[in-house]
Structures are given as structure tokens and as C-alpha cells.
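The following note is offered to a colleague who is new to this structure. It takes up the sheet, the helices packed around it and the annotated domain in turn.

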Amino acid sequence: MTNSPVKIGINPISWSNDDLPSLGGETPLSTALSEGKAIGYRGFELNGKFPKTPEGVRAVLAEYDLELVSGWYSSLLAHRSVEEEIEAIAPHCRLLAENGAQVLVYGEVAGSIQGRRIALGERPRFYTDEAWKSYGDKLTRLARYTQSQGLRLAYHHHMGAYVQAPEDIDRAMAATGEEVGLLFDAGHCYLGGGDPLAVLRKHLARVCHVHCKDVRAGVVRLSRNEQWSFPECIVNGTFTVPGDGDIDFEALLATLLTAGYRGWLVVEAEQDPAVAPSYAYAKKGFETLNRLLARLAPQHASA
């Protein structure tokens with residue numbers, strides 16, 4: 001239904017990976033957009049192949065009658081001032097807001113090893129209460145700025161970064177004000193050592209954006225035993241789309257809908273399209289979520 005407060009979108013990473021260009025790097029954006037539209041997705045998040053101006057993004061999405069969901073922002077706030085970050089983030093805010101997005105996907109990349117072949121155990125950490133408080137205060141101030149631009153900051157807990165494990169999510173949410181929303185990513189939560197349903201329930205009030213990433217539990221166990229890096233997790237098939245892995249998305253969606261969640265459910269699964277064909281897996285992810293919505297709340301399913 002077009003007026004549903006819950007919409008299903010997708011990230012172009014199913015077709016091409018910005019951090020690992022060998023994974024679908026040759027696939028044009030037009031392929032992702034046309035196939036996503038044919039499958040039934042309402043909107044897309046940004047990737048590096050999108051135009052860099054608000055006008056350019058508007059034009060390319062309009063061609064396929066798609067909405068802009070949001071777009072990742074790589075922040076260095078942990079290592080620089082709020083004023084520096086506001087100056088850096090302002091153009092991205094304009095691009096998102098002028099194209100109808102309501103949330104900004106915030107990724108803290110200061111010190112991050114997410115794009116490097118370094119064991120995830122070597123990721124950066126805040127070791128003291130003072131460090132968490134300082135970071136939380138800065139993050140809250142930055143979120144007030146994005147809010148003034150019409151965008152809720154959606155903090156993406158992410159492998160290889162400061163906020164990776166469930167206890168990191170707890171600390172980040174405790175150290176920040178309500179202005180800071182949480183992007184709940186089921187796959188990162190699981191790989192980071194959490195029970196996705198328990199983490200979602202704990203922080204439900206702060207969730208403003210959802211990435212529906214599934215995992216293959218056996219590969220997750222192997223990744224921990226072998227101390228893989230994040231790129232190694234990707235190329236070895238740790239992640240997949242809803243309906244193809246081991247996370248109970250019915251329970252997650254039921255929890256979100258019961259709480260009155262309004263926003264996007266975004267299929268995002270870093271995989272090698274040569275192994276997991278983009279269209280087939282994007283279709284599986286959409287059909288899984290749409291089927292669950294039809295069962296749990298028929299008014300939210302696609303017509």
C-alpha cells in the first residue's frame with residue numbers, strides 16, 4: 001500500500017560493493033535501480049555510483065519512480081570537533097533532505113578497520129567512562145544539527161568500529177540524548193555477539209531505521225574461530241538476505257510493528273554477486289519481508 005508507514009527498501013550493495021570493488025564493481029547503477037524497481041522495492045539507499053548533487057540524485061531516482069531511503073555518512077567525530085563534523089556533514093544533509101529522506105545513516109569510521117584485512121578483535125574502543133561521555137556529548141550535539149536540517153541521525157553499530165558489540169550499543173545509547181537514533185542492523189548485531197531480538201527490544205524506543213541483514217550462523221562461527229577481518233566475512237558468505245539465513249525476522253518485525261515503528265525496512269546484504277546473484281537474492285529478501293508484513297500487519301504489505 002502506497003500510504004503504509006512501513007516501506008521496504010534496499011541498499012545497492014546487493015549489486016556492487018563500494019569498499020570491495022571486485023564485488024560487482026562493473027555493474028552499473030541503472031541495473032540495480034531497474035531490477036530493484038521490477039522486484040517491488042519502493043526506494044534505495046545511496047552508494048558511490050549515485051550522482052553527488054541533490055539534483056542528480058533526484059533525476060536518477062525519478063527515472064525509475066523510486067524514493068530516496070537515506071545514505072551512509074562516514075564520520076570522523078571520534079577524532080575531531082563537532083564544528084568540524086558539522087561543516088563536513090552539511091552537504092550530505094542537504095542532499096538527503098532535498099530528496100525526501102528523513103534519516104541519515106551515520107557510520108563512525110575514525111580508527112575503523114571495517115575496510116581492512118585486520119582481525120575484528122583489533123577494532124578501536126573507548127576504554128573509559130570519560131571517553132564514552134565525551135563522544136556521547138559530541139554525538140548528541142551533532143544529532144541536534146542534523147535534526148535542524150530535517151534528518152534524524154541513525155547511528156549504525158558496525159563491525160570493525162567503536163560501536164560493534166551489544167555492550168557498545170548500550171554505552172552509546174546511554175551516553176547520548178534522544179536526538180541520537182539507532183539504526184538497528186540485525187546482521188551486524190548477530191556477528192557482533194548479540195541476540196538481535198534482545199538488543200532490538202532493549203533499544204526499541206531509539207530505533208529509527210532498520211537494516212534487514214541476515215547471517216549464516218555456521219559461517220559466523222567459522223569467522224570467529226579464524227579471527228576474520230570484515231572483508232573476509234563478506235567474501236566468505238557471512239551475510240545474506242532475509243529468508244536465506246538464520247535470523248528470525250518474523251520475531252523482529254512483530255516487535256517493530258507492535259511498537260508502532262514507522263520507517264524503512266532496508267534489505268542490505270554484503271555478498272559476492274558472482275556467488276549470490278543480485279536479482280535472485282534481492283527478490284528473495286523482498287518477498288520474505290513482504291510476506292511477513294502481509295502476515296503480521298496486512299495493511300503494511302505491498303499491494
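1. Two strands are taken to pair if DSSP finds at least two bridges between them. In this predicted model, strand β6 (residues 152–156) and strand β7 (residues 180–185) run parallel and are joined by four bridges. Within this pairing, Y155 has L182 of β7 as its bridge partner.

2. The wider setting is an open sheet of nine strands, paired in parallel and ordered β3-β2-β1-β11-β8-β7-β6-β5-β4. The edge positions are held by β3 (67–68) and β4 (72–75); each has a single partner strand, so one side of each is left without a neighbour in the sheet.

3. Which strands does helix α11 lie across? Helix α11 (residues 278–296) lies across β1 (6–10), β8 (207–212) and β11 (263–267), and its direction is at about 170° to that of β1.

4. Helix α3 (residues 82–97) packs with helix α4 (residues 129–148) at an angle of about 35°, their axes being 10 Å apart. The crossing of α3 past α4 is right-handed. On the α3 side the contact involves V82, E83, E85, I86, I89, A90 and C93, while α4 contributes K138, R141, L142, Y145 and T146. Sorted by class, this contact comprises seven nonpolar, one polar and four charged residues.

5. Helix α4 also meets helix α5 (residues 166–175): the two axes come within 8 Å and cross at roughly 60°. That angle makes α4 oblique to α5. This crossing, too, is right-handed. From α4, the residues in contact are D129, W132, G136, D137 and T140; from α5, they are D168, R171, A172 and A175. By class, the contact of α4 with α5 holds three nonpolar, two polar and four charged residues.

6. What does the UniProt record annotate over residues 37–289? The unreviewed entry assigns this span the label "domain: Xylose isomerase-like TIM barrel". In the model, the span is 43% helix and 16% strand, and its end C-alpha atoms lie 16 Å apart. The label comes from the record, whereas the sheet found in the model is an open one of nine strands.

Terms used:
Residues are numbered from 1 along each chain as its sequence is written. This is a predicted model: local features need pLDDT of at least 70, side-chain atom pairs count only at pLDDT 80 or more; totals for chains, interfaces and linings use all residues. Side-chain values use heavy atoms; hydrogens and water are left out. Axes are lines fitted to C-alpha atoms, for helices over the stretch in contact, and angles run from 0 to 180 degrees between N-to-C directions. Helices (H or I, at least four residues) and strands (E, at least two) are DSSP runs, numbered from the N terminus. A crossing is left-handed if the near helix is turned anticlockwise from the far one by less than a right angle, and right-handed if clockwise. Contact means heavy atoms within 4.5 Å. Ala, Val, Leu, Ile, Met, Phe, Trp, Tyr, Cys and Pro count as nonpolar, Asp, Glu, Lys and Arg as charged, and the others, Gly among them, as polar. UniProt positions are given in the numbering used here, feature names are shortened, and annotations may be inferred rather than shown by experiment. Angles under 35 degrees count as roughly parallel, over 145 as roughly antiparallel, 65 to 115 as roughly perpendicular and the rest as oblique.
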